[in-house]
Amino acid sequence: NLDQPSIPSEFVAASVAGVVAAIIATPADVIKTRIQAERLAMQLEGTEIEALAFSSMKVDLSGTGDAAAVMAKPVLISPEPDRPSRNQGFFQVGADIVDKEGASILFTGVGQRCIGSVPRFGVTLTLFEYLKGWALAHGYL
């Protein structure tokens with residue numbers, strides 16, 4: 001019969017697992033987001049929309065320079081000249097990001113993800129382990 005770990009030690013272990021998962025998953029999420037932004041850019045290309053801009057597009061503001069006027073007028077979405085090819089796969093997009101912007105870009109937002117993972121994983125996995133132990137002790141499992 002193994003002793004049940006303490007709740008604080010469960011929380012720390014779960015939080016560390018969440019941070020490791022966030023660090024490992026962030027590059028794939030950055031690549032996925034770039035691919036999604038590219039698909040959206042292709043759908044919006046040449047259309048007028050209300051003041052919407054993405055990092056993979058540039059917005060033609062018609063030379064007004066006035067933020068209030070820009071918000072009030074539709075803007076035209078046009079592709080940037082160095083935007084990735086339209087039919088690149090996941091690994092090719094990742095390789096292009098590393099070549100053009102450096103590998104560190106793949107970890108954009110990793111700090112925020114880690115901060116969010118600590119309570120999310122810590123509470124979820126600690127509660128799961130506690131309830132599992134309770135259910136085993138009371139004959140429910």
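Let me start with a term: partly exposed means a relative accessible area between the buried limit, under 20%, and the exposed limit, over 50%. Glutamate 101, at 39%, is partly exposed. We will come back to that residue.

First, the overview. This is a predicted model. The protein has 141 residues, and 23% of them count as buried. Its secondary structure comes to 4 helices and 3 strands. From the N terminus, the order is α-β-β-α-β-α-α.

Now the charged pairs. Side chains of opposite charge can pair when their charged atoms come close. How many salt bridges does a search of the whole structure find? The search finds 4. I will take you through some of them.

Start with lysine 32 and aspartate 29. Their side chains form a salt bridge, 3.1 Å from N to O. Both residues sit in helix H1, which covers residues 7–44. They are 3 residues apart, so about one helical turn separates them. Lysine 32 is partly exposed, with a relative accessible area of 36%. Aspartate 29 is partly exposed too, at 29%.

Aspartate 29 has another partner. That partner is arginine 113, and the closest N and O atoms are 3.2 Å apart. Here the bridge runs between helices. Aspartate 29 is in H1, while arginine 113 is in H4, residues 110–137. So this pair ties together parts that are 84 residues apart in sequence. Arginine 113 is partly exposed, with a relative accessible area of 29%. Put these contacts together, and Asp29, Lys32 and Arg113 are linked in a network of salt bridges.

Next, back to glutamate 101. Which residue meets glutamate 101 in a salt bridge? The partner is arginine 34, with 2.8 Å from N to O. This pair also links distant parts of the chain. Arginine 34 belongs to H1, and glutamate 101 to H3, residues 90–101. They are 67 residues apart. Arginine 34 counts as partly exposed, at 29% relative accessibility.

Let us turn to how H1 and H4 pack. Two packed helices are described by the angle between their axes and the distance between the axes. For H1 and H4, the axes come within 6 Å. They cross at roughly 140°. The cut-off matters here: roughly antiparallel needs an angle over 145 degrees. So H1 is oblique to H4. The crossing is right-handed. What residues make up this contact, by class? There are 15 nonpolar, 6 polar and 4 charged residues.

Last, the nonpolar core. In soluble globular proteins, nonpolar side chains tend to be buried together. The largest nonpolar core in this model has 6 residues. They are Val30, Ile31, Ile35, Val93, Ile97 and Leu106. Which elements give two or more residues to this core? Those elements are H1 and H3. H1 provides the largest share, 3 residues.

To wrap up, keep an eye on H1. H1 holds lysine 32 and aspartate 29. Through salt bridges, H1 is linked to H4 by aspartate 29 and arginine 113, and to H3 by arginine 34 and glutamate 101. H1 also gives the largest share of the largest nonpolar core.

Note on methods: Residues numbered from 1 in each chain as written. Predicted model: local features only at pLDDT ≥ 70, side-chain atom pairs only at ≥ 80, totals over all residues. Heavy atoms only, no water. Buried < 20%, exposed > 50% of the residue type's maximum accessible area, 1.4 Å probe, protein only. Axes fitted to C-alpha atoms, helices over the stretch in contact; angles between N-to-C directions. Parallel < 35°, antiparallel > 145°, perpendicular 65-115°, else oblique. Left-handed = near helix turned anticlockwise from the far one by under 90°. Nonpolar A, V, L, I, M, F, W, Y, C, P; charged D, E, K, R; others polar. Core = buried A, V, L, I, M, F, W, Y, C linked by side-chain atoms within 4.5 Å.
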